[in-house]
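Here's a quick briefing to read with the model open beside you. Take a look at the fold, then work through the points below.

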Amino acid sequence: MPRGNAHQSKVHYQGKDEDFVIMVDDIKAVQNWKNDRSIPLAQVVSGFKIFVTHKHGAQNAYDAASKQTLENEFGTNNEDECMIKILEGGTLQETEVGYATLL
């Protein structure tokens, strides 16, 4: 069974009470968006889901962020607005994820 590696790109935002993570298509897409805000978020993020790590960093298990958690951190529970703040203030990270493929 051959093994392969895939890249996973994300943005990690360290908040006051929680760490937030959003998955992105790739780092270049985020950089392009930062230079040209006319690019739709749909072409930058991989699914419109914001995760929290319970202050365990970007490498641990993720849970979905509640509307109250978003409101407490960002002053809004509008996920698009929160994602923009995470993209603006977060740290880009790319990791290799190993997976097995069947022939």
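Let's start with one residue: Cys 82 counts as buried, because its relative accessibility is 0% and the cut-off for buried is under 20%. Keep in mind that this is a predicted model. Cys 82 sits in helix α3, and a good part of what follows comes back to that helix.

**Around Cys 82**
- Setting aside residues up to four places away in sequence, Cys 82 touches Ile 50, Leu 70, Phe 74 and Thr 76.
- Take Ile 50 from that set: its C-alpha atom is 8.4 Å from that of Cys 82, though the two are 32 residues apart along the chain.

**The overall layout**
- The protein has three helices and five strands, and along the sequence they run β-β-α-β-β-α-α-β.
- Of its 103 residues, 35% count as buried.
- Looking at contacts with a separation of 6 or more, 64% are between residues 24 or more positions apart.
- About 6,200 Å² of the protein is exposed, with carbon and sulfur atoms supplying 47% of that area.

**The largest nonpolar core**
- As a rule, nonpolar side chains in soluble globular proteins tend to be buried together.
- Here the largest nonpolar core has 19 residues, and the ones touching the most other members are Phe 20, Ile 22, Ile 50, Ile 86 and Leu 87.
- Which elements give two or more residues to this core? They are β1 (3-14), β2 (19-24), α1 (27-35), α2 (67-74) and α3 (79-89).
- Helix α3 provides the largest share, with four residues.
- Leu 87 has a long contact list once neighbours within four places are left out: Val 11, Ile 22, Val 24, Val 30, Trp 33, Lys 34, Leu 41, Val 44 and Val 45.

**Helix α3**
- Cys 82 has company, as the buried residues of α3 are Cys 82, Met 83, Ile 86 and Leu 87.
- Looking down the axis of α3, those buried residues fall within an arc of 135 degrees, so they line one face of the helix.
- At the N-terminal end, Asn 78 is the cap of α3, with a side-chain oxygen 3.0 Å from the backbone nitrogen of Asp 80.

**Helix α1**
- In α1 the buried residues are Ala 29, Val 30 and Trp 33.
- They fall within an arc of 100 degrees when seen down the axis of α1, so they too line one face of their helix.
- Lys 28 and Asn 35, on the other side of α1, are exposed.
- The N-terminal cap of α1 is Asp 26, which places a side-chain oxygen 3.2 Å from the backbone nitrogen of Lys 28.

**Aromatic pairs**
- Searching the whole structure turns up four aromatic pairs.
- In the pair of Phe 51 and Tyr 62, the ring centres are 5.7 Å apart and the planes are at 35 degrees, so the pair is tilted.
- Phe 51 belongs to strand β3 (residues 51-52), while Tyr 62 is in the loop between β3 and β4 (63-64), so the pair ties together parts 11 residues apart in sequence.
- Is Tyr 62 buried, exposed or in between? With a relative accessible area of 24%, Tyr 62 is partly exposed.
- Ring pairs also link Tyr 13, Phe 20 and Phe 74 into a cluster. Phe 20 turned up earlier among the core residues that touch the most other members, and Phe 74 is one of the residues that Cys 82 touches.

How values were computed. Residues are numbered from 1 along each chain as its sequence is written. This is a predicted model: local features need pLDDT of at least 70, side-chain atom pairs count only at pLDDT 80 or more; totals for chains, interfaces and linings use all residues. Side-chain values use heavy atoms; hydrogens and water are left out. A nonpolar core is a set of buried Ala, Val, Leu, Ile, Met, Phe, Trp, Tyr and Cys residues joined through side-chain atoms within 4.5 Å. Buried means under 20% relative accessible area, exposed over 50%, partly exposed in between (1.4 Å probe, protein chains only). Contact means heavy atoms within 4.5 Å. Accessible areas come from the Shrake-Rupley method with a 1.4 Å probe; for residues, only the protein chains shown count as cover. The arc is that of the directions from the helix axis to the C-beta atoms. A polar contact is a pair of N or O atoms within 3.5 Å; within protein, one must be able to donate a hydrogen and the other to accept it, and residues adjacent in sequence count only if both atoms are side-chain atoms. Rings of Phe, Tyr and Trp (its six-membered ring) pair if their centres lie within 6.5 Å; planes under 30 degrees apart count as stacked, over 60 as edge-to-face and the rest as tilted.
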